[in-house]
Amino acid sequence: MKLWNLDFLPLAEPEVGANPVQIEVGDFDEAIEVVEDVAAENVCLNHHCKKGKVCEVDESNTPMCVCQDPSTCPVAEGEFEHVCGTDNKTYDTSCHFFATKCTLEGTKKGHKLHLDYIGSCKYIEPCMDSELNEFPLRMRDWLKNVLVTLYERDEDNNLLTEKQKLRVKKIYENEKRLQAGDHSLDLLAHDFEKNYNMYIFPVHWQFGQLDQHPVDGYLTHTELSPLRAPLIPMEHCTTRFFEECDADSDKYISLEEWASCFGIKDREC
């Protein structure tokens with residue numbers, strides 16, 4: 001199944017860099033009403049809580065993060081807001097999912113629960129070996145075209161840093177660059193072999209976009225989620241591909257493992 005469509009690239013920079021497929025599930029902070037002293041500062045306004053938690057103040061007006069009651073989440077405006085958890089349960093919105101996960105913190109069920117993909121839960125076809133081998137061919141080409149598109153749009157949007165622009169400019173101006181389009185797998189494989197250097201930076205760039213919390217050279221399930229969650233409903237090999245990227249099965253994908261998944265040689269890391 002083919003997904004690599006550039007039509008949904010954002011014009012504004014998302015929460016984690018300029019990741020073109022990153023979902024923004026949002027932070028759901030609640031404003032705390034000051035009753036005793038209307039002039040008192042609302043300390044929760046600048047107190048950040050992770051997804052699934054909201055800020056409340058204790059008796060000394062000290063802000064603290066507590067789990068949000070799922071019933072307080074905004075009602076879904078449509079099925080497009082549904083998300084599927086790894087428990088194969090459809091949640092009305094990402095707010096409902098993260099609030100539920102928060103209430104399960106410290107439990108075995110909560111530890112295993114993650115946002116699996118965007119949309120209602122559905123049957124995902126098994127990924128065959130032959131299909132798995134095709135996945136990086138399309139994704140490498142797609143990442144390259146994503147960067148080129150960001151470069152073309154990046155006049156005042158700050159989608160790329162100046163250093164990144166210089167790297168992408170070399171790809172953009174290369175006359176040998178394979179233009180975006182519906183290409184055969186044979187052509188994609190041939191182009192990767194022939195123009196290998198064009199694909200190194202896009203692969204590394206995507207890793208850097210995801211490696212944010214913290215920036216440590218490893219991708220966790222949570223860091224990888226903004227990329228994989230929108231892809232799974234349309235690319236059924238997504239889950240297996242990223243699972244097998246974790247070659248040592250330690251639940252972390254290192255830069256070396258990531259590069260290897262896309263056929264980038266160790267010396268390029």
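**Ground rule first.** I call a residue buried under 20% relative accessible area, exposed over 50%, and partly exposed in between. I applied that to Asn61 straight away: at 38% relative accessibility, Asn61 counts as partly exposed. I kept in mind throughout that this is a predicted model.

**Asn61 and Ser249, backbone.** I looked up Asn61 for its phi. The angle is positive, about 65 degrees, although Asn61 is not a glycine. I placed Asn61 in the loop between β1 (53-57) and β2 (63-67). I then turned to Ser249, another non-glycine residue with a positive phi, here about 55 degrees. Ser249 sits in the loop between α8 (238-245) and β7 (253-254). Its relative accessibility is 58%, so Ser249 counts as exposed. I noted these angles because most residues other than glycine have a negative phi.

**Pro214, peptide bond.** Which form does the bond from His213 to Pro214 take, cis or trans? I found it cis, with omega near 0 degrees. Most peptide bonds are trans. I located Pro214 in the loop between α6 (197-210) and β6 (218-219).

**Overall counts.** I stepped back to the whole protein. I counted nine helices and seven strands. Of the 269 residues, 43% are buried. I also checked how the contacts spread along the chain. Among contacts with a separation of 6 or more, 61% join residues 24 or more positions apart. The accessible surface comes to about 15100 Å², and carbon and sulfur atoms hold 50% of it.

**Lys144.** I found Lys144 in helix α3 (residues 129-153). Is this lysine buried or exposed? Lys144 has 0% relative accessibility, so it counts as buried, the cut-off being under 20%. I next asked which side chains make polar contacts with the side chain of Lys144. One is Asp141, at 3.3 Å. Another is Tyr199, also at 3.3 Å. I then listed what Lys144 touches, leaving out residues up to four places away in sequence. The list reads Ile171, Arg177, Leu178, Asp191, Met198, Tyr199 and Pro202. Tyr199 therefore appears both as a polar partner of Lys144 and in this list of contacts.

**Aromatic pairs.** How many aromatic pairs are there? I got 12. I opened the pair of Tyr151 and Tyr172. The ring centres are 5.1 Å apart and the planes stand at 50 degrees, so the pair is tilted. Tyr151 lies in helix α3 and Tyr172 in helix α4 (residues 162-172), so the pair ties together parts 21 residues apart in sequence. Tyr151 is partly exposed at 21% relative accessibility. Tyr172 is partly exposed too, with a relative accessible area of 31%. I went on to Trp258 and Phe262. Their ring centres are 5.1 Å apart with planes at 55 degrees, so this pair is tilted. Both Trp258 and Phe262 are buried.

**Aromatic cluster.** I traced Trp258 and Phe262 into one aromatic cluster. Phe135, Phe207, Phe241 and Phe242 belong to that cluster as well.

**Charges over rings.** I finished with charged side chains placed over rings. Arg140 lies over the face of Phe192, 3.5 Å from the ring centre. The charged end of Lys265 sits over the ring of Tyr196, at 5.2 Å from its centre.

How values were computed:
Residues numbered from 1 in each chain as written. Predicted model: local features only at pLDDT ≥ 70, side-chain atom pairs only at ≥ 80, totals over all residues. Heavy atoms only, no water. Helix = DSSP H or I, 4+ residues; strand = E, 2+ residues; numbered from the N terminus. Buried < 20%, exposed > 50% of the residue type's maximum accessible area, 1.4 Å probe, protein only. Contact = heavy atoms within 4.5 Å. Areas by Shrake-Rupley, 256 points an atom, 1.4 Å probe, with all protein chains shown as cover. Polar contact = N/O pair within 3.5 Å; in protein donor to acceptor, adjacent residues only side chain to side chain. Phe/Tyr/Trp six-rings, centres within 6.5 Å; stacked < 30°, edge-to-face > 60°. Lys NZ or Arg CZ within 6 Å of the ring centre and 35° of its normal.
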